[in-house]
Amino acid sequence: MARKPVALAAACACLALLLASGAAAGNGGVAPPDSATASGSRINALYWIIFGICAAIFLLVEGALLYSIFRFRRRRGTPAEAEGPQIHGNARLELLWTVVPVFILVGIALGTFVSVGTVNANPAMDEDALTVKVESHQFYWQYVYPNGVVSLDVLRVPVDRTVRLELTAPDVAHSWWVPALTGKRDAIPGRTNQLTFTATKTGTFRGQCAEFCGVQHAVMRTEVEVVPGAEFDQWLEAEGAAQAAGTSDLGQQTWEGVCAKCHGLAGEGDIGPTIAGNPALVDAKGLAPLLAEGRDNPQISGFMPPISPGWPGSQLEALIEYVKSNPDLAPAGAAQQGG
Ligand code: CUA
């Protein structure tokens with residue numbers, strides 16, 4: 001007789017563990033991050049509605065299952081091959097379990113289409129929108145601002161102003177996704193996709209390439225820094241001047257965003273070979289075609305994607321200057337040669 005309470009206690013413990021794991025996970029677990037845009041809030045609302053519907057169905061089905069297991073279990077003294085009563089045909093029940101799911105699915109579909117409309121809204125008429133080109137490469141994001149300023153992996157945008165991303169991919173398909181801002185959008189070779197959002201909060205929001213694009217897909221992360229409008233304008237102007245003068249940190253950004261992802265932060269080698277101190281690093285003539293075309297001969301040093309298509313001329317220069325200035329990377333003698 002003691003088996004019943006034990007089984008019940010075990011079932012309760014399992015359910016409690018299940019619910020506790022969900023609750024403990026919180027943000028970063030089952031919950032999407034707090035949204036910093038209107039379209040993101042719509043996506044989050046949709047997520048919670050669908051989560052609620054699924055949770056209710058899960059509890060209903062599992063509850064009925066547990067109830068039936070206990071209620072209709074084999075009793076002492078019943079032969080093992082004994083069959084329970086067989087029931088055929090219950091028009092009302094059958095209609096119910098057909099019609100109710102149809103309504104649930106149609107409801108979810110309608111809610112989704114309405115929300116997708118908000119995410120895809122293209123405020124082409126918004127004169128004030130900031131357009132940023134997003135060149136999606138193996139394995140970094142190159143952001144190009146209207147005045148030609150380039151930044152890698154970190155996108156800086158003004159708060160309360162519409163941002164229009166124009167996504168392209170010179171190599172393979174990628175997907176730009178910053179969950180706290182809005183839905184993801186694919187970057188596909190041969191076409192330009194758009195994604196717009198208006199951040200209503202300042203802060204730093206993290207994202208990740210959401211389309212498997214090669215061996216270092218996992219390190220193709222991004223950050224969006226939402227800053228006050230005046231601060232943004234000031235930064236963009238100052239950065240424009242610094243990049244024109246060659247005094248910005250574009251070289252370091254390029255090393256860390258592009259080279260280090262495969263060759264290590266100090267060029268010590270990772271999935272790519274060791275390149276620290278390699279004279280080829282500061283030989284612009286030899287380096288340019290390698291970066292532009294990549295290398296796919298495994299006899300030499302394995303696969304390297306073409307990484308520089310789309311770079312402004314100053315970027316290779318900035319990279320080489322950075323290599324020369326970094327004692328971990330500079331080939332012997334290069335630091336003195338360089339300016
Ligand atoms: Cu780019 Cu995954």
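Before I start, one term: two strands are taken as paired if DSSP finds at least two bridges between them. Please also keep in mind that what I am showing is a predicted model.

Let me begin with strand 2, which runs antiparallel to strand 1 and is joined to it by five bridges, with Lys133 standing opposite Val144 of strand 2. The hairpin that connects strand 1 to strand 2 passes through two residues. Strand 2 also runs antiparallel to strand 3, residues 150-152, through three bridges, and here Gln142 stands opposite Leu152 of strand 3. That second hairpin has five residues between its strands, and Gly148 in the turn has a positive phi of about 90°.

Is strand 2 covered on one face or on both? Both faces are covered, with Tyr140, Gln142 and Val144 buried on one side and Trp141 and Tyr143 buried on the other.

Turning to the interior, the largest nonpolar core has 35 residues, and those touching the most other members are Tyr145, Leu155, Leu165, Trp176 and Leu181. Among the elements that give two or more residues to this core are strand 1, strand 2 and helix 4. There is also a second, separate core of 23 residues, which includes Val150, Cys259, Ile275 and Tyr322.

Finally, the largest pocket has a volume of about 610 Å³, and of the 30 residues that line it, His263, Pro273, Ile275, Leu290 and Met304 lie nearest its centre. Helix 5 supplies the largest share of that lining, six residues, and the lining as a whole divides into 19 nonpolar, eight polar and three charged residues.

Note on methods:
Residues numbered from 1 in each chain as written. Predicted model: local features only at pLDDT ≥ 70, side-chain atom pairs only at ≥ 80, totals over all residues. Heavy atoms only, no water. Core = buried A, V, L, I, M, F, W, Y, C linked by side-chain atoms within 4.5 Å. Buried < 20%, exposed > 50% of the residue type's maximum accessible area, 1.4 Å probe, protein only. Helix = DSSP H or I, 4+ residues; strand = E, 2+ residues; numbered from the N terminus. 1 Å grid on protein atoms, 1.4 Å probe; cavity = no way out; pocket = protein on both sides within 12 Å on 5 of 7 lines; lining within 4 Å. Points joined across faces, edges and corners; volume = space filled by probe spheres on them. Nonpolar A, V, L, I, M, F, W, Y, C, P; charged D, E, K, R; others polar.
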